[in-house]
Amino acid sequence: MVAFFFPPGVNKPLPTATFITSTSDENEFFGQSTYTFSSTSIGAASVSRLVVVTVGFCDRTGTGRTISSATIGGVTATINTQINDAASTAPGVAIIQAVVPTGTSGDIVINFSGSIHSCGIGVFALYDLISTTPTDSDETITGVLLFTTGSISRTSTVLQHGVIISIGLNSTFDTPGISCTSTVTEVYETLINNSINGDNILINGGLATNQTAGDKTVTHGGTNSDFGGWGLFLACASWR
């Protein structure tokens with residue numbers, strides 16, 4: 001945990017959160033265990049900046065993978081939450097973070113427990129938090145059979161002046177369809193289309209802040225409304 005302190009008589013700014021960018025990469029033929037997103041934008045530099053990265057990935061071989069380690073701008077990242085499945089295309093999602101006080105860009109390096117065929121990330125910059133330790137985190141998976149539809153959702157409490165970030169992933173053999181719902185706003189959408197065997201994944205990132213007088217309950221999730229797939233995945237974390 002990192003706590004940020006301000007001198008006596010100086011009012012602490014309220015926490016803010018900004019979506020910065022999203023990007024993806026893939027190795028369709030052989031896969032790779034390390035993905036490096038070079039010179040990625042991470043927001044304005046600040047001693048209070050917490051860089052949060054949402055990660056969606058797919059193995060395609062039916063072997064469940066996890067993130068074993070990661071760095072953001074050269075700083076070792078903390079893995080807040082992750083969930084994966086070893087069935088079919090073996091997809092998964094995760095949320096990682098690091099306090100990176102300097103620089104407006106840096107390499108984001110993600111090491112997996114084995115070869116991954118595709119990986120997509122979303123980058124967020126959080127400022128002026130009371131603590132970098134999440135006040136809440138959660139993850140879930142819903143299995144969906146091919147040619148069917150399904151939905152997934154989670155309800156979380158965001159503390160007053162807090163922020164929540166979520167990632168959803170739909171793995172399918174055809175056109176994916178998952179969307180953020182309710183009180184979390186979708187800020188990015190990445191479709192990774194594997195041209196070799198059609199094992200596509202669609203990754204969505206969501207963001208919400210609570211500037212109300214009191215804690216706030218939010219719902220975040222998605223619906224697989226197209227061709228079906230092999231699972232809907234969701235992970236989220238909140239801070240204040």
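Start with the whole protein shown as a surface: it exposes about 9,500 Å², and carbon and sulfur atoms supply 51% of that area. Keep in mind that this is a predicted model. Of the 240 residues, 50% count as buried.

Switch to a cartoon view. The secondary structure consists of 16 strands and 0 helices. Among contacts with a separation of 6 or more, 82% are between residues 24 or more positions apart.

Next, select the open sheet of 5 strands. Its order is S1-S9-S3-S7-S6, and the pairing is antiparallel. Which strands stand at the edges? They are S1 (16–26) and S6 (78–84); each has a single partner strand, so one side of each is left without a neighbour in the sheet. Look along the sheet to see the twist, which averages 15° from one strand to the next.

Now narrow the selection to residues 50–58 and residues 91–99. These are strands S3 and S7, paired in the antiparallel sense over 9 bridges. To find one of the bridges, pick leucine 50; its partner in S7 is valine 99.

Finish with two cysteines. Are cysteine 119 and cysteine 236 buried or exposed? Select cysteine 119: its relative accessibility is 0%, so this residue counts as buried. Then select cysteine 236, which has a relative accessible area of 2% and is buried because that value is under 20%. A disulfide is a covalent bond between the sulfur atoms of two cysteines. How many disulfides does a search of the whole structure find? The search finds 0, so there is no such bond to display.

Technical notes: Residues are numbered from 1 along each chain as its sequence is written. This is a predicted model: local features need pLDDT of at least 70, side-chain atom pairs count only at pLDDT 80 or more; totals for chains, interfaces and linings use all residues. Side-chain values use heavy atoms; hydrogens and water are left out. A disulfide is a pair of cysteine sulfur atoms within 2.5 Å. Buried means under 20% relative accessible area, exposed over 50%, partly exposed in between (1.4 Å probe, protein chains only). Helices (H or I, at least four residues) and strands (E, at least two) are DSSP runs, numbered from the N terminus. Contact means heavy atoms within 4.5 Å. Accessible areas come from the Shrake-Rupley method with a 1.4 Å probe; for residues, only the protein chains shown count as cover. Two strands pair if DSSP finds at least two bridges between them. Axes are lines fitted to C-alpha atoms, for helices over the stretch in contact, and angles run from 0 to 180 degrees between N-to-C directions.
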